[in-house]
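This briefing concerns the aromatic side chains and the unusual backbone positions of one protein chain. Please keep the sequence and the structure in view while reading.

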Amino acid sequence: MASNLSTIGFTFADDTGFEQTMVRLANEARERLATEAGEYAIWRSRTGAEIWFHLGNVQARDADSTERDIIGLTPFFEGESDVLLSITASMQRPEDNPFEGLQHAWVAPDSSGIGSYPIVFEAVDFAAHPADETYPAGHRCRVVAFCRDLTIHDSVEAMLAADAESGDGVPQMAPKALIPIGLFADRQVEDVAPVADNDADMPQPTVLMRGVVRDHRRLVNEITGGVFHWMLVETLEATFDMLADDEMIEKPPHAGSAIEAYAWMFGRTLG
């Protein structure tokens, strides 16, 4: 089954291989983003894949040296999406470290800050947002869908034909549609505390998406040789980057392919 790391080509035979590789990449990371919690060290692949390492504040190890601990990491991808969002809330799960968290936002907002539909995403740059940020806050964001399940059709017409052949009598989604299934919980976002007591109180950054592929590239992770796929997908009111582990690809997508995906959403602000 695909994981967030395998979706950008990182697979490992064991925990030792994972740990050794991540420490090496953290040391090679040249870009830093300072926050009150410490620093993000951002490793960038030639493919566009990224790992945002979470470095705690400097700790003195002895009289002559200091060291930063790696307390976590988040995968990402520097694609082409540029989505206008109205961010309405930030929140953390019980297990999140100070660099991790979720943001709730409306896609394609109007002047009131309400948009066509809401999403929740893993905020890769969570700690860089001001703790006292006033909501709603308008931002242009890079939003990336990491696929957990993916179906590719040659065209919208082929997708609609497959819908018709299913014969189950269940209404199908439109060819361009997004359902924020991670928001289907007992509690509304506005009722969730900034730090929840348990995961049951939290929305999830998951969506069911249909859309049309506008661009595609097959990519190879230069560290592991792992293959993954990038797509630029036009869906309802927005165009998102989408990534898929090579094992999910039964037929290569192309410009004009229609997709249906269950995905985990990641994002960061562009401005």
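Across the whole structure, a search finds 7 aromatic pairs. The model is predicted, and the values below are computed from it. Two of the aromatic pairs are described first, followed by a charged side chain over a ring and then by the backbone.

**The pair Phe10 and Trp43**

- The ring centres of Phe10 and Trp43 are 5.8 Å apart and the ring planes stand at 65°, so the pair is edge-to-face; the angle required for that class is over 60 degrees.
- Phe10 belongs to the segment before α1 (15-28), whereas Trp43 belongs to strand β2 (residues 38-44), so this pair ties together parts that are 33 residues apart in sequence.
- Phe10 has a relative accessibility of 2% and therefore counts as buried, the cut-off being under 20%.
- Trp43, with a relative accessibility of 6%, likewise counts as buried.
- Phe10 and Trp43 also belong to one aromatic cluster, together with Phe12 and Phe18.

**The pair Tyr40 and Trp52**

- In the pair of Tyr40 and Trp52, the ring centres lie 5.4 Å apart and the planes are at 70°, so this pair is edge-to-face.
- Tyr40 is in strand β2 and Trp52 is in strand β3 (residues 49-56); the pair links distant parts of the chain, 12 residues apart.
- Tyr40 and Trp52 are both buried.

**A charge over a ring**

- Which residue lies over the face of Trp230? Arg217 does so, at 4.2 Å from the ring centre.

**Backbone positions**

- Most residues other than glycine have a negative phi, and most peptide bonds are trans. The following positions should be read against that background.
- The peptide bond that joins Tyr135 and Pro136 is cis, with omega at about 0°.
- Pro136 is located in the loop between β9 (117-123) and β10 (137-153).
- Ala108 is not a glycine, yet its phi is positive, at about 55°.
- Ala108 is placed in the loop between β8 (102-107) and β9.
- Is Ala108 buried, partly exposed or exposed? Its relative accessibility is 28%, so Ala108 counts as partly exposed.
- Glu237, which is not a glycine either, has a positive phi of about 65°.
- Glu237 occurs in the loop between β13 (227-235) and β14 (238-245).

Notes
Residues are numbered from 1 along each chain as its sequence is written. This is a predicted model: local features need pLDDT of at least 70, side-chain atom pairs count only at pLDDT 80 or more; totals for chains, interfaces and linings use all residues. Side-chain values use heavy atoms; hydrogens and water are left out. Rings of Phe, Tyr and Trp (its six-membered ring) pair if their centres lie within 6.5 Å; planes under 30 degrees apart count as stacked, over 60 as edge-to-face and the rest as tilted. Helices (H or I, at least four residues) and strands (E, at least two) are DSSP runs, numbered from the N terminus. Buried means under 20% relative accessible area, exposed over 50%, partly exposed in between (1.4 Å probe, protein chains only). A charge sits over a ring if NZ of Lys or CZ of Arg is within 6 Å of the ring centre and within 35 degrees of the ring normal.
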